[in-house]
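Me: I am new to this structure and would like a close look at a single part of it, the place where two helices pack against each other. Please take me through that part slowly, and then outward to whatever adjoins it.

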Amino acid sequence: MTDLILALDSTTRIDAIRIAQAAAPYIDAIKIGYPLVLAEGLGIAGSLTGLNLPLIADFKVADIPNTNQLIAQQVFAAGFSGIICHGFPGPDSVEACVQVAHAQGGECYVVAEMSHPGGAAFFQGGIAEKIAQTVIDTGADGIIAPATRPERTRILREIIGTKKILSPGVGAQGGDANAIAGLVDGIIVGRAIYEADDPAAAAAAYSDILKRKN
Ligand code: NUP
C-alpha cells in the first residue's frame, strides 16, 4: 500500500485550509513544514485536525538531543502525529525525537537522502545507508528517501526492511509516481497538488495511480 501525502506548503491559512479540504477525500496524510508554520504559526495544525488525517511536521529537526526533545514536545502538543528529523546529527539526536514521538503515540521519520539534485552531493557515498541503519538502531518509524532517484530508494529499502519509506520529489521535482509506487509506503506531493488549478482533481489523479499500483 502506498499512501498519498500532501505537502501543504501554501503560505496563507486561507489557501492551506481550502486546499487541504479539497484534497482531503483523496489523501492519506498532510505534511506541513516551515513555509506554512512560519507564515501562520504552529496553531495551523489545530485548524486541520478536523480533517481526521495524520499531520506530519516536516521540520527536519537537526539539533542536540535536548533541543530536539524540546522541539518534538512542541510539535506533538500542537496536534501533529508525526515528525521528520535529520539523521546526520547522530543517533542520540534521532532517539530524542523518537522517544517523544512514541510517548505521544506518534511516529518519527528520518531523512536518509534528499530528493533535489544537490541531495546526491553529500548523502551518497554511504551516508544515507548509515542513516538508514540509524533508523533501525533507534527504533524510528522510517525514512524519507527520494522519488527522484528510485534506484537509491531501492537500496535503502534493503537496509530498512519493513519500516516505512516516505518519498518526496514526485511531480514538480520530476519524480514519477508510477516508478516509485509499490516500493514506498507513501509518496509526498506538494506543488503538483497545491499549485494545480483544481487541487482535488490533481490529488484524485495521484490517488488513482496509487490504487492501480496497490
Ligand atoms: O528530500 C526531501 N525532499 C523534499 O522535497 C525531503 C523533504 N522533506 N522534501 C519536502 O517534500 C519539501 O520540503 C516539500 O515540502 C515536499 C516536496 O514538495 P514538492 O516538490 O512536491 O512541491
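Reply: What follows begins with one pair of packed helices, moves to the cysteines and to a second pair, and ends with some single residues elsewhere in the chain.

Please keep in mind throughout that this is a predicted model. Two packed helices are described by the angle between their axes and the distance between the axes. For helix H4, which covers residues 65-77, and helix H5, which covers residues 91-103, the angle is about 25° and the axes are 8 Å apart. Because angles under 35 degrees count as roughly parallel, H4 is described as roughly parallel to H5. The two helices cross in a right-handed sense. On the side of H4, the contact is made by Pro 65, Asn 68, Gln 69, Ala 72, Gln 73 and Phe 76, while H5 contributes Asp 92, Ser 93, Val 94, Ala 96, Cys 97, Val 100 and Ala 101. Sorted by class, the residues of this contact between H4 and H5 comprise eight that are nonpolar, four that are polar and one that is charged.

One member of that contact, Cys 97 of H5, leads on to the cysteines. The structure holds zero disulfides. Cys 85, for instance, takes part in no disulfide, and the nearest cysteine sulfur to its own, that of Cys 108, lies 3.8 Å away. For Cys 97, the closest cysteine sulfur belongs to Cys 85, and the separation of 4.4 Å is too far for a bond, because a disulfide requires the two sulfur atoms to be within 2.5 Å. Cys 85 is buried, having a relative accessible area of 0%, and Cys 97 is likewise counted as buried, at 0% relative accessibility.

A second member of the same contact, Val 94 of H5, leads to another helix, for it is touched by Thr 134. Thr 134 belongs to helix H7, which spans residues 127-138, and, once neighbours within four places in sequence are set aside, it is in contact with Pro 91 and Val 94. With a relative accessible area of 12%, Thr 134 is buried, since the term applies under 20%.

Helix H7 in turn packs with helix H8 (residues 150-160), their axes coming within 9 Å and crossing at roughly 35°. The crossing of H7 with H8 is right-handed. In this contact, H7 supplies Ala 128, Glu 129, Ala 132, Gln 133 and Ile 136, and H8 supplies Arg 152, Ile 155, Leu 156, Ile 159 and Ile 160. By class, the residues where H7 meets H8 divide into seven nonpolar, one polar and two charged.

Beyond these helices, a few single residues help to fill in the picture. Ile 187 lies in strand E8, residues 186-189, and counts as buried at 0% relative accessibility. Leaving out residues up to four places away in sequence, Ile 187 touches a set that includes Thr 2, Asp 3, Leu 4 and Ile 5, and also Tyr 206 and Leu 210. Although Ile 187 and Ala 7 are 180 residues apart along the chain, their C-alpha atoms are separated by 9.7 Å.

Ser 10 sits in the loop between strand E1 (3-7) and helix H1 (13-23), where, at 6% relative accessibility, it counts as buried. Among the residues that Ser 10 touches, not counting those up to four places away in sequence, are Asp 15, Pro 35, Leu 36 and Tyr 194. Glu 40, found in helix H2 (residues 34-40), is partly exposed, with a relative accessible area of 35%. Apart from neighbours within four places in sequence, Glu 40 is in contact with Thr 11, Thr 12 and Arg 13. Between Glu 40 and Ala 145, which are 105 residues apart in sequence, the C-alpha to C-alpha distance is 28 Å.

Two residues remain, and they concern the backbone. Most residues other than glycine have a negative phi. Asn 52, in the loop between helix H3 (44-48) and strand E3 (55-61), has a positive phi near 55°, and at 68% relative accessibility it counts as exposed. Lys 60, which is found in strand E3, also has a positive phi, near 40°, and counts as partly exposed at 29% relative accessibility.

Notes:
Residues numbered from 1 in each chain as written. Predicted model: local features only at pLDDT ≥ 70, side-chain atom pairs only at ≥ 80, totals over all residues. Heavy atoms only, no water. Axes fitted to C-alpha atoms, helices over the stretch in contact; angles between N-to-C directions. Helix = DSSP H or I, 4+ residues; strand = E, 2+ residues; numbered from the N terminus. Parallel < 35°, antiparallel > 145°, perpendicular 65-115°, else oblique. Left-handed = near helix turned anticlockwise from the far one by under 90°. Contact = heavy atoms within 4.5 Å. Nonpolar A, V, L, I, M, F, W, Y, C, P; charged D, E, K, R; others polar. Buried < 20%, exposed > 50% of the residue type's maximum accessible area, 1.4 Å probe, protein only.
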